Amino acid sequence: MSDRGGSRLPGVGDEREERIVLHVDMDCFYAACERLREPDLRGEPVVVGMGYEEGENHGAVATASYEAREYGVESAQAIGSALERLPRKAEGDSTDSSGADSEDGADGEDEADVAGYYRPVDIEFYKSVSTDVRAILHDCADTVREVSIDEAYLDVTERTAWEVAEGFARHVKNRIEREVGVTASVGVAPNMSAAKIASDHDKPDGLVVVEPGTTRDFLAPLDVAEIHGIGPVTARTLREMGIETAGDLADADPRTLVDRFGERGRELYHRARGDDDRRVTPTGRPKSLSRESAFTDPTTDPEEKRARVSTLAAAVAERARDRDAMYRTIGVKVVTPPFDVHTREQSLPGTVDDPELVEEVALDLLAEFDDDRVRKVGVRVSNLQFTESDQTSLDGFDAPSGTGESRTADSSDSADDPKSSAEAADDGEKTDEGVHRTSRKRDGQVSLSDF
Ligand code: DCP
Ligand code: MG
(Lines give C-alpha, C1' and ligand atoms only; values in the text may rest on other atoms or scores of the structure.)
(Ligands and ions follow the chains in the order given, each with its own letter.)
Protein backbone atom coordinates (compact mmCIF):
# COMPACT_ATOMS: atom_id res chain seq x y z
CA MET A 1 0.00 0.00 0.00
CA SER A 2 1.14 3.46 -0.67
CA ASP A 3 -0.08 6.67 0.83
CA ARG A 4 0.66 8.97 -1.98
CA GLY A 5 -1.18 12.12 -2.52
CA GLY A 6 1.06 15.10 -2.76
CA SER A 7 3.33 15.76 -5.64
CA ARG A 8 7.00 16.21 -5.23
CA LEU A 9 8.14 19.62 -4.25
CA PRO A 10 9.48 21.42 -7.27
CA GLY A 11 13.20 21.28 -7.68
CA VAL A 12 13.31 25.03 -7.67
CA GLY A 13 12.74 27.19 -4.67
CA ASP A 14 14.52 27.21 -1.42
CA GLU A 15 12.79 24.35 0.39
CA ARG A 16 14.98 22.51 2.81
CA GLU A 17 16.55 19.53 1.20
CA GLU A 18 14.17 16.60 1.37
CA ARG A 19 15.79 13.48 2.66
CA ILE A 20 14.49 10.08 1.68
CA VAL A 21 14.36 7.98 4.82
CA LEU A 22 13.37 4.34 5.00
CA HIS A 23 12.36 2.67 8.21
CA VAL A 24 12.57 -1.10 8.00
CA ASP A 25 10.95 -3.25 10.67
CA MET A 26 10.76 -7.00 10.37
CA ASP A 27 7.35 -8.62 10.85
CA CYS A 28 6.92 -10.70 14.02
CA PHE A 29 10.63 -11.12 13.86
CA TYR A 30 11.41 -13.87 16.36
CA ALA A 31 8.45 -15.89 15.11
CA ALA A 32 9.58 -15.34 11.51
CA CYS A 33 13.02 -16.67 12.46
CA GLU A 34 11.47 -19.75 14.03
CA ARG A 35 9.61 -20.33 10.79
CA LEU A 36 12.84 -20.18 8.87
CA ARG A 37 14.13 -23.30 10.50
CA GLU A 38 10.73 -24.89 10.93
CA PRO A 39 8.87 -24.17 7.71
CA ASP A 40 5.91 -26.18 8.97
CA LEU A 41 5.17 -23.26 11.27
CA ARG A 42 4.30 -21.04 8.31
CA GLY A 43 0.70 -19.93 8.49
CA GLU A 44 0.38 -21.30 12.03
CA PRO A 45 0.00 -19.37 15.27
CA VAL A 46 3.51 -19.14 16.75
CA VAL A 47 4.40 -17.70 20.14
CA VAL A 48 8.00 -17.04 21.14
CA GLY A 49 8.51 -16.79 24.88
CA MET A 50 11.27 -15.08 26.80
CA GLY A 51 12.09 -17.18 29.85
CA TYR A 52 9.84 -19.85 28.40
CA GLU A 53 10.77 -23.51 28.40
CA GLU A 54 9.11 -26.26 26.47
CA GLY A 55 6.03 -27.57 28.20
CA GLU A 56 6.20 -24.97 30.97
CA ASN A 57 3.99 -21.96 31.48
CA HIS A 58 6.39 -19.38 32.83
CA GLY A 59 8.00 -16.52 30.93
CA ALA A 60 6.64 -13.68 28.85
CA VAL A 61 5.67 -13.40 25.21
CA ALA A 62 8.50 -11.86 23.19
CA THR A 63 6.45 -11.94 20.06
CA ALA A 64 3.55 -13.73 18.47
CA SER A 65 2.91 -14.42 14.82
CA TYR A 66 0.01 -12.51 13.32
CA GLU A 67 -2.05 -15.70 13.40
CA ALA A 68 -1.47 -15.94 17.15
CA ARG A 69 -2.27 -12.25 17.62
CA GLU A 70 -5.77 -13.03 16.34
CA TYR A 71 -6.34 -14.85 19.61
CA GLY A 72 -5.25 -11.91 21.69
CA VAL A 73 -1.68 -13.05 22.27
CA GLU A 74 0.69 -10.09 22.37
CA SER A 75 4.19 -9.05 23.33
CA ALA A 76 4.94 -8.73 27.03
CA GLN A 77 2.01 -10.89 28.03
CA ALA A 78 2.69 -13.62 30.56
CA ILE A 79 2.94 -17.00 28.87
CA GLY A 80 0.26 -18.21 31.26
CA SER A 81 -2.17 -15.61 29.89
CA ALA A 82 -1.17 -16.43 26.33
CA LEU A 83 -1.89 -20.11 26.98
CA GLU A 84 -5.36 -19.22 28.21
CA ARG A 85 -6.06 -17.49 24.93
CA LEU A 86 -4.22 -19.90 22.71
CA PRO A 87 -3.58 -23.37 24.10
CA ARG A 88 -0.37 -25.11 23.27
CA LYS A 89 -0.33 -27.56 20.43
CA ALA A 90 0.30 -31.05 21.69
CA GLU A 91 3.52 -31.78 19.86
CA GLY A 92 5.70 -34.78 19.40
CA ASP A 93 2.63 -36.93 19.73
CA SER A 94 0.39 -36.11 16.85
CA THR A 95 -2.21 -38.69 17.80
CA ASP A 96 -2.72 -36.97 21.10
CA SER A 97 -3.79 -33.52 20.06
CA SER A 98 -7.41 -34.51 19.75
CA GLY A 99 -7.26 -37.21 22.36
CA ALA A 100 -10.03 -37.70 24.87
CA ASP A 101 -7.70 -36.88 27.73
CA SER A 102 -6.62 -33.56 26.42
CA GLU A 103 -6.06 -30.83 28.98
CA ASP A 104 -9.01 -29.01 30.45
CA GLY A 105 -11.29 -31.62 29.01
CA ALA A 106 -11.95 -29.43 26.00
CA ASP A 107 -13.30 -31.35 23.08
CA GLY A 108 -10.46 -32.35 20.89
CA GLU A 109 -11.45 -30.88 17.57
CA ASP A 110 -12.04 -27.37 18.85
CA GLU A 111 -8.92 -27.38 20.89
CA ALA A 112 -6.82 -28.59 18.00
CA ASP A 113 -8.27 -25.77 15.91
CA VAL A 114 -6.94 -23.05 18.14
CA ALA A 115 -3.68 -24.56 19.30
CA GLY A 116 -0.46 -22.62 18.90
CA TYR A 117 3.19 -23.48 18.69
CA TYR A 118 5.25 -22.15 21.59
CA ARG A 119 8.99 -21.75 21.27
CA PRO A 120 11.65 -20.38 23.62
CA VAL A 121 13.73 -17.39 22.54
CA ASP A 122 16.91 -18.38 20.72
CA ILE A 123 18.60 -15.04 20.48
CA GLU A 124 21.78 -16.31 18.87
CA PHE A 125 19.85 -17.63 15.93
CA TYR A 126 17.81 -14.44 15.59
CA LYS A 127 21.02 -12.41 15.65
CA SER A 128 22.40 -14.42 12.80
CA VAL A 129 19.25 -13.77 10.77
CA SER A 130 19.47 -10.10 11.71
CA THR A 131 23.06 -9.98 10.50
CA ASP A 132 21.95 -11.26 7.09
CA VAL A 133 19.23 -8.62 6.89
CA ARG A 134 21.67 -5.90 7.91
CA ALA A 135 24.07 -6.87 5.18
CA ILE A 136 21.31 -6.18 2.66
CA LEU A 137 20.41 -2.88 4.30
CA HIS A 138 24.02 -1.74 4.20
CA ASP A 139 24.15 -2.76 0.59
CA CYS A 140 21.10 -0.63 -0.18
CA ALA A 141 22.03 2.54 1.70
CA ASP A 142 25.02 4.66 2.54
CA THR A 143 23.78 5.45 6.02
CA VAL A 144 22.13 2.83 8.17
CA ARG A 145 21.08 3.36 11.75
CA GLU A 146 20.36 0.04 13.39
CA VAL A 147 17.86 0.50 16.13
CA SER A 148 17.35 -3.01 17.35
CA ILE A 149 17.66 -6.56 16.21
CA ASP A 150 14.85 -6.13 13.70
CA GLU A 151 14.66 -2.44 12.94
CA ALA A 152 16.75 0.17 11.13
CA TYR A 153 16.60 3.56 9.47
CA LEU A 154 18.21 4.07 6.08
CA ASP A 155 19.02 7.35 4.44
CA VAL A 156 18.75 6.64 0.73
CA THR A 157 18.62 10.22 -0.55
CA GLU A 158 21.69 9.66 -2.67
CA ARG A 159 20.50 6.31 -3.96
CA THR A 160 17.10 7.10 -5.32
CA ALA A 161 14.62 9.88 -6.02
CA TRP A 162 11.14 10.51 -4.71
CA GLU A 163 9.58 9.61 -8.06
CA VAL A 164 10.88 6.07 -7.75
CA ALA A 165 11.23 5.75 -3.98
CA GLU A 166 8.41 3.26 -3.71
CA GLY A 167 10.09 0.95 -6.21
CA PHE A 168 13.35 1.33 -4.37
CA ALA A 169 11.73 0.39 -1.07
CA ARG A 170 10.05 -2.59 -2.72
CA HIS A 171 13.42 -3.70 -3.97
CA VAL A 172 14.80 -3.61 -0.41
CA LYS A 173 11.80 -5.58 0.85
CA ASN A 174 12.07 -8.13 -1.91
CA ARG A 175 15.74 -8.68 -1.34
CA ILE A 176 15.16 -9.36 2.35
CA GLU A 177 12.40 -11.80 1.57
CA ARG A 178 14.24 -13.55 -1.24
CA GLU A 179 17.69 -13.69 0.31
CA VAL A 180 16.84 -14.17 3.96
CA GLY A 181 13.32 -15.53 3.91
CA VAL A 182 11.60 -13.16 6.33
CA THR A 183 9.25 -10.29 5.58
CA ALA A 184 9.80 -6.66 6.47
CA SER A 185 7.48 -3.70 6.60
CA VAL A 186 8.94 -0.53 5.19
CA GLY A 187 8.01 3.09 5.63
CA VAL A 188 9.36 5.80 3.37
CA ALA A 189 9.14 9.44 4.39
CA PRO A 190 11.12 12.67 4.42
CA ASN A 191 12.03 12.17 8.08
CA MET A 192 12.65 9.49 10.65
CA SER A 193 9.56 9.75 12.78
CA ALA A 194 7.16 9.72 9.82
CA ALA A 195 9.07 6.81 8.28
CA LYS A 196 8.70 4.86 11.51
CA ILE A 197 4.99 5.46 11.71
CA ALA A 198 4.68 4.59 8.02
CA SER A 199 6.41 1.24 8.44
CA ASP A 200 3.93 0.35 11.16
CA HIS A 201 0.94 1.59 9.24
CA ASP A 202 0.26 -1.44 7.09
CA LYS A 203 1.96 -4.31 8.89
CA PRO A 204 2.70 -7.08 8.13
CA ASP A 205 4.39 -6.97 4.75
CA GLY A 206 3.61 -3.27 4.51
CA LEU A 207 5.03 -0.62 2.24
CA VAL A 208 3.82 2.91 2.88
CA VAL A 209 5.25 5.98 1.21
CA VAL A 210 4.70 9.43 2.68
CA GLU A 211 5.84 11.93 0.13
CA PRO A 212 7.32 15.31 0.96
CA GLY A 213 4.66 17.82 1.76
CA THR A 214 2.13 15.16 2.80
CA THR A 215 3.50 14.20 6.18
CA ARG A 216 1.10 16.28 8.19
CA ASP A 217 -1.90 14.98 6.27
CA PHE A 218 -0.66 11.45 6.70
CA LEU A 219 -0.31 11.86 10.45
CA ALA A 220 -3.49 13.85 11.09
CA PRO A 221 -5.99 10.98 11.46
CA LEU A 222 -3.70 8.84 13.60
CA ASP A 223 -4.30 8.31 17.28
CA VAL A 224 -1.90 10.39 19.39
CA ALA A 225 -0.53 7.17 20.87
CA GLU A 226 1.00 6.39 17.48
CA ILE A 227 3.25 9.42 17.65
CA HIS A 228 6.74 8.44 18.63
CA GLY A 229 7.40 9.52 22.20
CA ILE A 230 3.80 9.33 23.34
CA GLY A 231 3.14 6.45 25.67
CA PRO A 232 -0.15 5.45 27.25
CA VAL A 233 0.11 7.88 30.15
CA THR A 234 0.75 10.92 27.99
CA ALA A 235 -1.90 9.74 25.55
CA ARG A 236 -4.42 9.60 28.37
CA THR A 237 -3.52 13.09 29.52
CA LEU A 238 -3.82 14.40 25.98
CA ARG A 239 -7.21 12.79 25.61
CA GLU A 240 -8.32 14.44 28.80
CA MET A 241 -7.31 17.69 27.13
CA GLY A 242 -9.51 16.79 24.16
CA ILE A 243 -6.57 15.87 21.97
CA GLU A 244 -7.26 12.52 20.37
CA THR A 245 -5.44 12.52 17.07
CA ALA A 246 -2.15 13.75 15.73
CA GLY A 247 -4.19 16.32 13.84
CA ASP A 248 -5.68 17.60 17.10
CA LEU A 249 -2.19 17.81 18.54
CA ALA A 250 -0.87 19.61 15.48
CA ASP A 251 -3.68 22.15 15.81
CA ALA A 252 -3.27 22.60 19.56
CA ASP A 253 -1.81 25.72 21.09
CA PRO A 254 1.83 24.87 21.78
CA ARG A 255 1.77 27.09 24.86
CA THR A 256 -0.91 24.91 26.44
CA LEU A 257 1.21 21.87 25.72
CA VAL A 258 4.29 23.48 27.22
CA ASP A 259 2.30 24.42 30.30
CA ARG A 260 1.25 20.83 30.71
CA PHE A 261 4.32 18.87 29.60
CA GLY A 262 7.20 21.30 29.70
CA GLU A 263 9.41 21.63 26.65
CA ARG A 264 8.55 18.11 25.75
CA GLY A 265 5.07 19.36 24.89
CA ARG A 266 6.57 21.48 22.16
CA GLU A 267 8.48 18.52 20.79
CA LEU A 268 5.34 16.44 20.65
CA TYR A 269 3.56 19.26 18.89
CA HIS A 270 6.27 19.36 16.24
CA ARG A 271 6.20 15.61 15.90
CA ALA A 272 2.47 15.70 15.27
CA ARG A 273 3.05 18.26 12.54
CA GLY A 274 5.59 16.00 10.92
CA ASP A 275 8.53 18.26 11.74
CA ASP A 276 11.57 16.21 12.50
CA ASP A 277 14.92 17.38 11.27
CA ARG A 278 17.06 14.64 12.75
CA ARG A 279 19.46 13.19 10.27
CA VAL A 280 19.87 9.46 10.06
CA THR A 281 23.23 8.94 11.70
CA PRO A 282 25.15 5.71 11.61
CA THR A 283 24.95 3.36 14.50
CA GLY A 284 27.31 3.94 17.38
CA ARG A 285 27.72 2.31 20.73
CA PRO A 286 25.48 2.90 23.71
CA LYS A 287 26.89 3.83 27.08
CA SER A 288 24.14 2.05 28.85
CA LEU A 289 21.08 -0.03 28.17
CA SER A 290 17.84 0.40 30.00
CA ARG A 291 14.21 -0.55 30.02
CA GLU A 292 11.44 1.08 31.89
CA SER A 293 7.77 0.60 32.25
CA ALA A 294 4.91 2.55 33.76
CA PHE A 295 2.07 1.03 35.76
CA THR A 296 -1.36 1.81 34.47
CA ASP A 297 -2.13 3.12 37.93
CA PRO A 298 0.54 3.84 40.56
CA THR A 299 0.99 0.88 42.86
CA THR A 300 2.21 0.23 46.39
CA ASP A 301 2.11 -3.55 45.98
CA PRO A 302 5.72 -4.73 46.48
CA GLU A 303 5.06 -7.92 44.52
CA GLU A 304 3.75 -6.03 41.54
CA LYS A 305 6.83 -3.81 41.58
CA ARG A 306 9.15 -6.76 41.97
CA ALA A 307 7.50 -8.68 39.15
CA ARG A 308 7.84 -5.71 36.81
CA VAL A 309 11.46 -5.16 37.76
CA SER A 310 12.21 -8.85 37.21
CA THR A 311 10.74 -8.67 33.72
CA LEU A 312 12.69 -5.53 32.92
CA ALA A 313 15.89 -7.01 34.32
CA ALA A 314 15.51 -10.02 32.06
CA ALA A 315 14.85 -7.79 29.07
CA VAL A 316 17.85 -5.57 29.75
CA ALA A 317 20.16 -8.52 30.32
CA GLU A 318 18.94 -10.12 27.14
CA ARG A 319 19.44 -6.95 25.16
CA ALA A 320 22.95 -6.59 26.54
CA ARG A 321 23.71 -10.12 25.48
CA ASP A 322 22.15 -9.42 22.14
CA ARG A 323 24.64 -6.62 21.66
CA ASP A 324 27.57 -8.50 23.06
CA ALA A 325 27.78 -6.04 25.92
CA MET A 326 29.06 -6.87 29.39
CA TYR A 327 28.27 -4.49 32.25
CA ARG A 328 29.72 -3.51 35.56
CA THR A 329 26.97 -1.33 36.99
CA ILE A 330 23.36 -2.29 37.56
CA GLY A 331 20.76 0.28 38.47
CA VAL A 332 17.09 0.87 39.01
CA LYS A 333 14.93 3.87 38.49
CA VAL A 334 11.77 4.39 40.47
CA VAL A 335 9.32 7.13 39.64
CA THR A 336 6.92 8.15 42.38
CA PRO A 337 4.00 10.46 41.75
CA PRO A 338 3.86 12.98 40.40
CA PHE A 339 7.17 12.75 38.55
CA ASP A 340 9.86 12.23 41.13
CA VAL A 341 12.65 10.19 39.71
CA HIS A 342 14.88 8.18 42.03
CA THR A 343 17.85 6.23 40.79
CA ARG A 344 19.91 3.72 42.68
CA GLU A 345 22.78 1.72 41.41
CA GLN A 346 25.42 -0.72 42.39
CA SER A 347 28.73 -1.42 40.77
CA LEU A 348 30.33 -4.81 40.70
CA PRO A 349 34.00 -5.67 41.12
CA GLY A 350 34.25 -6.58 37.43
CA THR A 351 32.22 -6.66 34.21
CA VAL A 352 29.73 -9.47 33.89
CA ASP A 353 27.14 -10.94 31.60
CA ASP A 354 24.85 -12.37 34.23
CA PRO A 355 21.07 -12.00 33.88
CA GLU A 356 20.38 -13.48 37.29
CA LEU A 357 22.65 -10.98 38.91
CA VAL A 358 20.91 -8.12 37.12
CA GLU A 359 17.63 -9.30 38.58
CA GLU A 360 19.07 -9.91 42.02
CA VAL A 361 20.76 -6.52 42.28
CA ALA A 362 17.80 -4.69 40.78
CA LEU A 363 15.40 -6.28 43.26
CA ASP A 364 17.78 -5.51 46.06
CA LEU A 365 17.91 -1.86 45.06
CA LEU A 366 14.15 -1.77 44.65
CA ALA A 367 13.58 -2.94 48.23
CA GLU A 368 14.10 0.58 49.52
CA PHE A 369 10.88 1.57 47.72
CA ASP A 370 8.74 -1.29 49.01
CA ASP A 371 6.41 1.07 50.84
CA ASP A 372 6.27 3.76 48.19
CA ARG A 373 3.58 4.41 45.70
CA VAL A 374 5.30 3.91 42.38
CA ARG A 375 4.18 4.84 38.91
CA LYS A 376 7.12 3.62 36.92
CA VAL A 377 10.17 1.44 37.32
CA GLY A 378 13.26 0.94 35.19
CA VAL A 379 16.35 -1.21 35.10
CA ARG A 380 19.63 -0.19 33.60
CA VAL A 381 23.07 -1.66 33.03
CA SER A 382 26.02 0.61 32.40
CA ASN A 383 29.79 0.74 32.38
CA LEU A 384 29.50 -1.39 29.29
CA GLN A 385 32.24 -3.32 27.66
CA PHE A 386 31.74 -4.83 24.26
CA THR A 387 33.05 -8.22 23.46
CA GLU A 388 32.78 -7.86 19.72
CA SER A 389 34.48 -5.36 17.53
CA ASP A 390 31.66 -5.02 15.05
CA GLN A 391 30.62 -1.56 15.94
CA THR A 392 27.99 -1.26 13.29
CA SER A 393 25.92 -4.04 14.75
CA LEU A 394 25.50 -2.29 18.04
CA ASP A 395 23.61 0.59 19.49
CA GLY A 396 20.18 1.92 19.09
CA PHE A 397 18.03 4.90 18.69
CA ASP A 398 18.72 8.33 20.03
CA ALA A 399 15.57 10.15 20.88
CA PRO A 400 15.80 13.78 19.96
CA SER A 401 16.31 15.85 23.02
CA GLY A 402 13.28 16.70 24.97
CA THR A 403 10.88 14.18 23.52
CA GLY A 404 10.77 12.23 26.72
CA GLU A 405 10.80 8.95 24.87
CA SER A 406 11.50 6.82 27.85
CA ARG A 407 12.26 3.70 25.91
CA THR A 408 15.35 5.52 24.79
CA ALA A 409 15.90 6.57 28.27
CA ASP A 410 19.64 6.76 28.37
CA SER A 411 20.93 10.22 28.63
CA SER A 412 22.84 12.37 26.21
CA ASP A 413 24.55 10.38 23.54
CA SER A 414 23.98 7.03 25.06
CA ALA A 415 21.43 5.06 23.22
CA ASP A 416 19.00 2.36 23.71
CA ASP A 417 16.48 0.58 21.70
CA PRO A 418 12.81 0.73 22.01
CA LYS A 419 12.08 -2.94 22.24
CA SER A 420 11.18 -4.07 25.66
CA SER A 421 8.97 -6.67 27.16
CA ALA A 422 7.21 -3.96 28.97
CA GLU A 423 7.39 -1.22 26.45
CA ALA A 424 3.67 -1.11 25.95
CA ALA A 425 3.39 0.58 29.29
CA ASP A 426 6.18 2.97 28.69
CA ASP A 427 5.70 6.63 28.80
CA GLY A 428 8.09 9.46 28.84
CA GLU A 429 8.14 12.14 31.41
CA LYS A 430 11.84 12.00 32.01
CA THR A 431 12.53 15.30 30.41
CA ASP A 432 9.63 17.09 31.95
CA GLU A 433 10.72 20.26 33.49
CA GLY A 434 10.48 20.21 37.21
CA VAL A 435 11.34 16.57 37.53
CA HIS A 436 12.87 15.92 40.90
CA ARG A 437 15.72 13.51 41.01
CA THR A 438 17.37 11.79 43.85
CA SER A 439 20.24 9.57 43.11
CA ARG A 440 22.40 7.38 45.20
CA LYS A 441 25.26 5.22 44.15
CA ARG A 442 26.54 2.28 46.08
CA ASP A 443 30.10 1.17 46.55
CA GLY A 444 31.29 4.67 45.86
CA GLN A 445 31.13 4.06 42.14
CA VAL A 446 30.67 6.94 39.85
CA SER A 447 28.32 6.46 37.00
CA LEU A 448 28.09 8.46 33.84
CA SER A 449 24.47 9.15 33.44
CA ASP A 450 21.01 8.95 34.76
CA PHE A 451 18.32 6.98 33.08
N1 DCP B 1 10.57 -8.20 21.47
C2 DCP B 1 10.60 -8.62 22.79
N3 DCP B 1 9.74 -8.07 23.70
C4 DCP B 1 8.89 -7.10 23.32
C5 DCP B 1 8.84 -6.65 22.00
C6 DCP B 1 9.71 -7.23 21.09
O7 DCP B 1 11.37 -9.51 23.10
N8 DCP B 1 8.05 -6.57 24.21
C9 DCP B 1 11.44 -8.85 20.48
C10 DCP B 1 10.66 -9.92 19.77
C11 DCP B 1 10.30 -9.32 18.47
C12 DCP B 1 11.47 -8.39 18.22
O13 DCP B 1 11.87 -7.94 19.49
O14 DCP B 1 10.18 -10.29 17.45
C15 DCP B 1 11.11 -7.22 17.35
O16 DCP B 1 10.15 -6.40 18.00
P17 DCP B 1 8.96 -5.70 17.24
O18 DCP B 1 8.35 -4.75 18.18
O19 DCP B 1 9.42 -5.22 15.93
O20 DCP B 1 7.91 -6.86 17.09
P21 DCP B 1 7.81 -7.95 15.99
O22 DCP B 1 8.87 -7.83 14.96
O23 DCP B 1 7.76 -9.27 16.66
O24 DCP B 1 6.39 -7.69 15.40
P25 DCP B 1 5.95 -6.56 14.37
O26 DCP B 1 5.50 -7.31 13.16
O27 DCP B 1 4.83 -5.85 15.04
O28 DCP B 1 7.15 -5.68 14.11
MG1 MG C 1 9.29 -6.00 14.08
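Helices in this tour are DSSP runs of H or I with at least four residues, and strands are runs of E with at least two, both numbered from the N terminus. By that count, the chain of this predicted model has 14 helices and 14 strands.

**The whole chain**

Begin with the entire chain selected and coloured by burial: of its 451 residues, 54% count as buried. If contacts are drawn between residues at least 6 apart in sequence, 69% of them join residues at least 24 apart.

**The largest nonpolar core**

Next, select Leu 22, Leu 137, Leu 154, Ile 176 and Val 188, which touch the most other members of the largest nonpolar core, a set of 42 residues. The elements that give two or more residues to this core are the strands E1 (21-26), E2 (46-50), E6 (151-155), E7 (184-189) and E8 (207-209), together with the helices H1 (29-37), H5 and H6. Helix H5 gives the most to this core, with seven residues.

Centre the view on Leu 154 and show its surroundings. Leaving aside neighbours within four places in sequence, Leu 154 is in contact with Ile 20, Val 21, Leu 22 and Val 24, with Leu 137, Ala 141, Thr 143 and Val 144, and with Val 280. Apart from this core lies another, of 30 residues, among them Val 224, Ala 250, Phe 261 and Ala 272.

**Helix H5 against helix H6**

Now select residues 123-140, which form H5, and residues 165-179, which form H6; the two helices pack with their axes 10 Å apart, at an angle of about 150 degrees. Angles over 145 degrees count as roughly antiparallel, and H5 and H6 are therefore roughly antiparallel to each other. The crossing in which H5 passes H6 is right-handed.

To see the contact itself, show side chains for Val 133, Ile 136, Leu 137, Asp 139 and Cys 140 in H5, which meet Phe 168, Val 172, Arg 175, Ile 176 and Glu 179 in H6. The residues of this contact of H5 with H6 divide into seven nonpolar, no polar and three charged.

**Helix H1 against helix H5**

Keep H5 in view and add H1, whose axis comes within 10 Å of the axis of H5 and crosses it at roughly 90 degrees. That angle makes H1 roughly perpendicular to H5. On the H1 side the contact is made by Phe 29, Tyr 30, Cys 33, Glu 34, Leu 36 and Arg 37, and on the H5 side by Ile 123, Phe 125, Tyr 126, Val 129 and Ser 130. By class, the contact of H1 with H5 has eight nonpolar, one polar and two charged residues.

H1 is mostly covered, seven of its nine residues being buried. The buried residues in H1 are Phe 29, Tyr 30, Ala 31, Ala 32, Cys 33, Glu 34 and Arg 35.

**Backbone stops**

Most residues other than glycine have a negative phi, and most peptide bonds are trans. The next four selections depart from that pattern.

Start at Cys 28, in the loop between E1 and H1. Although Cys 28 is not a glycine, it has a positive phi of about 30 degrees, and Cys 28 is buried, with a relative accessible area of 7%. Then go to Asn 383, in the loop between strand E12 (374-382) and strand E13 (385-386). The phi of Asn 383 is likewise positive, near 55 degrees, while Asn 383 is partly exposed, with a relative accessible area of 25%.

For the peptide bonds, select Lys 203 and Pro 204, where the bond from the lysine to the proline is cis, with omega near -10 degrees; Pro 204 has its place in the loop between helix H7 (192-201) and E8. Afterwards select Pro 337 and Pro 338, which are joined by a cis peptide bond with omega near 0 degrees. Pro 338 belongs to the loop between strand E10 (325-336) and strand E11 (340-352).

**Last stop: Tyr 269**

Finally, centre on Tyr 269 in helix H12 (residues 263-272). Is Tyr 269 buried or exposed? Tyr 269 is buried, with a relative accessible area of 12%. Not counting residues up to four places away in sequence, Tyr 269 touches Leu 249, Ala 250, Ala 252, Pro 254 and Leu 257. Tyr 269 and Ala 250 are 19 residues apart along the chain, and their C-alpha atoms are separated by 5.6 Å.

Terms used: Residues numbered from 1 in each chain as written. Chains lettered and ligands numbered in written order. Predicted model: local features only at pLDDT ≥ 70, side-chain atom pairs only at ≥ 80, totals over all residues. Heavy atoms only, no water. Axes fitted to C-alpha atoms, helices over the stretch in contact; angles between N-to-C directions. Parallel < 35°, antiparallel > 145°, perpendicular 65-115°, else oblique. Left-handed = near helix turned anticlockwise from the far one by under 90°. Contact = heavy atoms within 4.5 Å. Nonpolar A, V, L, I, M, F, W, Y, C, P; charged D, E, K, R; others polar. Core = buried A, V, L, I, M, F, W, Y, C linked by side-chain atoms within 4.5 Å. Buried < 20%, exposed > 50% of the residue type's maximum accessible area, 1.4 Å probe, protein only.
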